[in-house]
Amino acid sequence: MLTSAQIEREYMDIISKCKNIFKVKDMEYGATWAIYRWSSLTDQLWMKIKRIRTIEESGSKIPEPIAVEYIALINYAIIFLFRLKNTALIEPPEKIIENTELLNKCTNEKIMELYELTVKEAYELYQAKNHDYNNAWQDMSSGSITDLIIIKVLRMKNIIKQKNNNIQSLDVDQQLFDIINYSIFALIKMQYSNN
């Protein structure tokens, strides 16, 4: 079992890697992710977790490691949270399609500030839940973590379908924070199972 100090160090290292990848992509592509509709963002999460499960069950024919998919899950969940919680900065996709200049409001500096706030909130939620669960995820199999993330994504797909894409932050943000944290747990488990 990892100590709380080891988990915190690994958690922060993983967030740092995710942030660096996100920052490079944001500088290169801009906030083009803002064009995603809710269903498209959920589909991105679905594709990533489905690939992870397929690799767990059948292996991979692509040399890209499974860790890349967990990092993508974390970053797509963060993007989803951006869209939910920052409607003043990030215009709805329909408006952006009509006027792509609206993407200029989403500067790299502002987006990275949002990134920091979002991961801080995810970490604080992990700390609060850990009080009750006491790092129970360490006793879970990687497959169980994958299944939990699949359930979270399917719940979001159902919410979006039922609400006809008219969702509110409270509908899905807890699912997204759980996806971030469980993806981090999976990456920590992978790190220590390889040593």
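# Helices, salt bridges and buried residues

Hi everyone, let's start where two helices touch. From helix H2, the residues Trp38, Leu41, Thr42, Gln44, Leu45, Lys48, Ile49, Arg51, Ile52, Ile55 and Glu56 meet a set of partners in helix H3, namely Ile66, Glu69, Tyr70, Ala72, Leu73, Tyr76, Ala77, Ile79, Phe80, Arg83 and Leu84. Before I go on, please keep in mind that this is a predicted model.

So how do H2 and H3 lie against each other? Helix H2 covers residues 38-58, and its axis comes within 10 Å of the axis of H3, with a crossing of roughly 160 degrees. An angle over 145 degrees counts as roughly antiparallel, and therefore that is how we describe H2 and H3. Their crossing is left-handed.

Now look at the charged residues in this pair of helices. Glu69 is a good one to find on your screen. The side chains of Arg51 and Glu69 form a salt bridge, at 2.8 Å from N to O. Arg51 belongs to helix H2 and Glu69 to helix H3, so this pair links distant parts of the chain, 18 residues apart. Glu69 also has a salt bridge with Lys48, where the closest N and O atoms are 3.5 Å apart. Here again Glu69 sits in H3 and its partner Lys48 in H2, so parts that are 21 residues apart in sequence are tied together.

Are these residues buried or exposed? Take Glu69 and Arg51. Buried means under 20% relative accessible area. Glu69 has 3%, so it counts as buried. Arg51 has 17%, so Arg51 counts as buried too. If we step back a little, Lys48, Arg51, Glu64 and Glu69 are linked in a network of salt bridges.

Helix H2 has another partner, helix H6, which spans residues 142-162. These two pack at an angle of about 155 degrees, and their axes are 10 Å apart. That makes H2 roughly antiparallel to H6, and the crossing is left-handed. On the H2 side, the residues making the contact include Trp38, Trp46 and Arg53, and on the H6 side they include Gly143, Val153 and Lys157.

Next, a pair with another geometry. Helix H1, residues 4-29, and helix H3, residues 66-85, have axes that come within 10 Å and cross at roughly 70 degrees. That makes H1 roughly perpendicular to H3. The crossing of H1 and H3 is right-handed. Where they touch, Ile14, Cys18, Ile21 and Phe22 of H1 meet Ile71, Ile74, Asn75, Ile79 and Phe82 of H3.

Let's stay with H1 for another salt bridge. How many salt bridges does the structure hold? There are 14. One of these joins the side chains of Lys19 and Glu116, at 2.2 Å from N to O. Lys19 is in helix H1 and Glu116 is in helix H5, residues 108-133, so far along the chain that 97 residues separate the two. Lys19 has a relative accessible area of 25%, so it is partly exposed. Glu116 is partly exposed as well, at 36%.

I'd like to finish with three buried residues. The first stop is Ala34, in the loop between H1 and H2. Ala34 has 0% relative accessibility, so it counts as buried. What does Ala34 touch, once we leave aside its neighbours within four places in sequence? Its contacts are Arg83, Ile90, Glu91, Pro93, Ile96 and Leu103. Ala34 and Phe80 are 46 residues apart in sequence, and their C-alpha atoms are 9.0 Å apart in space.

The next stop is Ser183, in helix H7. Ser183 is buried, with a relative accessible area of 0%. Setting aside neighbours within four places in sequence, Ser183 is in contact with Tyr70, Leu73, Ile74 and Ile149.

The last stop is Lys189, also placed in helix H7, which covers residues 169-193. Side chains of opposite charge can pair when their charged atoms come close. Which side chain of opposite charge is nearest to Lys189? That is Asp139, 7.1 Å away, and Lys189 is buried yet has no salt bridge. Leaving aside neighbours within four places in sequence, Lys189 is in contact with Trp137, Gln138, Met140, Ser141, Ser142 and Ile145.

Thanks for listening, and please do turn the model around and find these residues yourselves.

Methods:
Residues numbered from 1 in each chain as written. Predicted model: local features only at pLDDT ≥ 70, side-chain atom pairs only at ≥ 80, totals over all residues. Heavy atoms only, no water. Helix = DSSP H or I, 4+ residues; strand = E, 2+ residues; numbered from the N terminus. Buried < 20%, exposed > 50% of the residue type's maximum accessible area, 1.4 Å probe, protein only. Lys, Arg positive; Asp, Glu negative; His and termini not counted. Salt bridge = Lys/Arg side-chain N within 4 Å of Asp/Glu carboxyl O. Contact = heavy atoms within 4.5 Å. Axes fitted to C-alpha atoms, helices over the stretch in contact; angles between N-to-C directions. Parallel < 35°, antiparallel > 145°, perpendicular 65-115°, else oblique. Left-handed = near helix turned anticlockwise from the far one by under 90°.
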